[in-house]
Protein chains: 2
Amino acid sequence: MVTNFDGPAAARLARALIHTARDGALGTLDANGYPNASHVATATAIDGAPIVLISQLANHTLNLGRDSRASLLFVSPDVDGDTNTRSRVSVVGEAQRIAEPSHERDRFLRRHPDAELYVDFADFSFWRLVPSHAHIVAGFGQIADVAGVDLLAAADLCETLAGVDSGACAHMNEDHLDALKLMAEVIGGAPQGDWRSYALDPLGIDMANGSNAVRVEYDEPVGASKPLIQALRTLTERARQNGQTI
Amino acid sequence: MVTNFDGPAAARLARALIHTARDGALGTLDANGYPNASHVATATAIDGAPIVLISQLANHTLNLGRDSRASLLFVSPDVDGDTNTRSRVSVVGEAQRIAEPSHERDRFLRRHPDAELYVDFADFSFWRLVPSHAHIVAGFGQIADVAGVDLLAAADLCETLAGVDSGACAHMNEDHLDALKLMAEVIGGAPQGDWRSYALDPLGIDMANGSNAVRVEYDEPVGASKPLIQALRTLTERARQNGQTI
């Protein structure tokens, strides 16, 4: 049934769905043990774990306070044809409240600038889904399970990059729009447009243009500025060459 | 916190979200008791209960076979701004496999013509979510609970209409496109377009134009052809008058 959908390809697509989504369906357990699906805005932590900003007044937050078991469904953008052809991944794990969300707050606001209005309200808090495993369905027939660890970047790679991410995004958006455009369109296969980066992590770079988003991953994980710059240069150069041969 | 969002208005918006959605997030319980959110194509039964067509090979179907507790999240179409402004309803209840889905099959295929390709595969079956209650969030601050019974039409009204629904839709689409357009645009507030009906029920009529959909409800529930025709005429006439005064 599954064709051309090996482990690494499935994990890569799962990461792309998680990183490019603006929202997802949060599965929690209600007071009666029923599974509850609710709408949430999402972003990612530097290691790729999904994060949400939710109100203590909302049912799903009360549910997580009682039972941390949770899932998050991410679905690729709507299509005109059969909705079952949309790619989607269900990530299952434990939701943890983030006690001091400094970097997560910054990444979330880059993805959701409108959340600036309420991010600091006393009833809002950031939560992280620690993924144990995921199940991906890429249209009909392409189905795979992905281990939680394969959704995340190694912890030792994240420490330095967490301090680099914001500045590197701003730098790319100020001085290297041509590189972003090449990576998004030639490597990522995204439609033509003005692409801006909203997040970087040890495995790849996330870019948006209006409501479209695309993720491009480097050839190898990076854990510091120099390898990051080299990885982005390599991708840009390859895109430039591939773009010319089209 | 809640303004202008009384019980009937909340129930009406919940029904509109359920009836106009093409898909939703299905909450089920996995083998370890974790809540799982998965992507499903959706339609409605004649009484307004959500129905799904799912494969016995899929995780969510295995989950429902073990534990019928389920929820379905319906979200209004994507917007350019804050995704938290989208209206959504989480419907909670028991999922029941439909043993003989004759009318449900017909309604589902009218909403999802592409499903014709696999609807009769041996591993696919229709399930109905019997709603016990729902929780609706219409953007910020407009939050309400809705009883399951308020999502559904009374059973005695459904029996005759189940036999009328398909033919009445076809008749409206063949001979009364002007009436559909008036109802969708003037009463439903939908954008201009070629509106076709894909479902009728005792409480209202569901119309689609490409990926847009709109539901308009009658002034009173109907349970037979004559009151249905009268209800549609009343709405059309009101739309004509309102449209002229704009």
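## Close-ups of a predicted two-chain model

**Figure 1. Helix α4 of chain A, end to end.** At 1.5 Å a residue, the 21 residues of α4(A) (residues 155–175) should span 30 Å, and the end C-alpha atoms sit 29 Å apart, which agrees. That said, this helix of the predicted model isn't free of bends: there's a kink of about 45° centred on L161(A). L161(A) is also one of the buried residues of α4(A), a set that includes L157(A), C158(A), V164(A) and D165(A). Further along the helix, A168(A), C169(A) and M172(A) are buried too.

**Figure 2. Strand β2 of chain A, wrapped on both faces.** How many of the 10 residues of β2(A) (residues 35–44) are buried? The count is 10 of 10, so the strand is largely enclosed by the rest of the structure. In a regular strand, side chains alternate between the two faces of the sheet. Here one side carries P35(A), A37(A), H39(A), A41(A) and A43(A), the other N36(A), S38(A), V40(A), T42(A) and T44(A), and both sides are covered.

**Figure 3. Two hairpins that share β2(A).** On one side, β1(A) (residues 23–29) runs antiparallel to β2(A), and seven bridges join them. Look for G24(A), whose bridge partner in β2(A) is V40(A). Five residues lie between these two strands of the hairpin, and in the turn G33(A) has a positive phi of about 85°. The pairing of β2(A) with β3(A) (residues 50–55) is antiparallel as well, over three bridges. A43(A) stands opposite I51(A) there. This hairpin has five residues between its strands, and G48(A) in the turn has a positive phi of about 100°.

**Figure 4. The open sheet β8-β9-β10 of chain A, with two helices on it.** Three strands make up this open sheet, in the order β8-β9-β10, with antiparallel pairing. β8 (196–200) and β10 (212–217) of chain A stand at the edges with a single partner strand each, so one side of each is left without a neighbour in the sheet. Direction ignored, neighbouring strands are turned by 25° against each other on average. Six bridges link β9(A) (residues 204–209) to β10(A) in the antiparallel sense, and I205(A) has V216(A) in β10(A) as its bridge partner. Helix α1 of chain A (residues 7–20) packs on the sheet, touching β8, β9 and β10, and its direction makes about 140° with that of β10(A). Helix α3 of chain A (residues 102–111) lies across β8, β9 and β10 too, running at about 155° to β8(A).

**Figure 5. R107(A) and its surroundings.** Buried or exposed: which is R107(A)? This arginine of helix α3 has a relative accessible area of 2%, so it counts as buried. Its contacts beyond four places in sequence include T44(A), A45(A) and I46(A), plus H19(A) and D165(A). R107(A) also touches A199(A), L200(A) and D201(A). As a distance check, the C-alpha atoms of R107(A) and L117(A), 10 residues apart along the chain, are separated by 15 Å.

**Figure 6. How chains A and B are related.** Turn chain B by 180°, with 0.0 Å of shift along the axis, and it superposes on chain A with an RMSD of 0.0 Å. That is the relation of a two-fold axis. Which residue of chain B comes closest to the rotation axis? P35(B) does, with its C-alpha at 2.5 Å. Of the interface residues of chain B, 100% are also interface residues in chain A, so the copies meet through the same surface.

Key. Residues numbered from 1 in each chain as written. Chains lettered and ligands numbered in written order. Predicted model: local features only at pLDDT ≥ 70, side-chain atom pairs only at ≥ 80, totals over all residues. Heavy atoms only, no water. Least-squares fit on C-alpha atoms with pLDDT ≥ 70 in both. Contact = heavy atoms within 4.5 Å. Buried < 20%, exposed > 50% of the residue type's maximum accessible area, 1.4 Å probe, protein only. Helix = DSSP H or I, 4+ residues; strand = E, 2+ residues; numbered from the N terminus. Pairing = 2+ DSSP bridges. Expected span 1.5 Å × (residues − 1). Bend = angle between axes of the 7 residues up to and from the residue. Axes fitted to C-alpha atoms, helices over the stretch in contact; angles between N-to-C directions.
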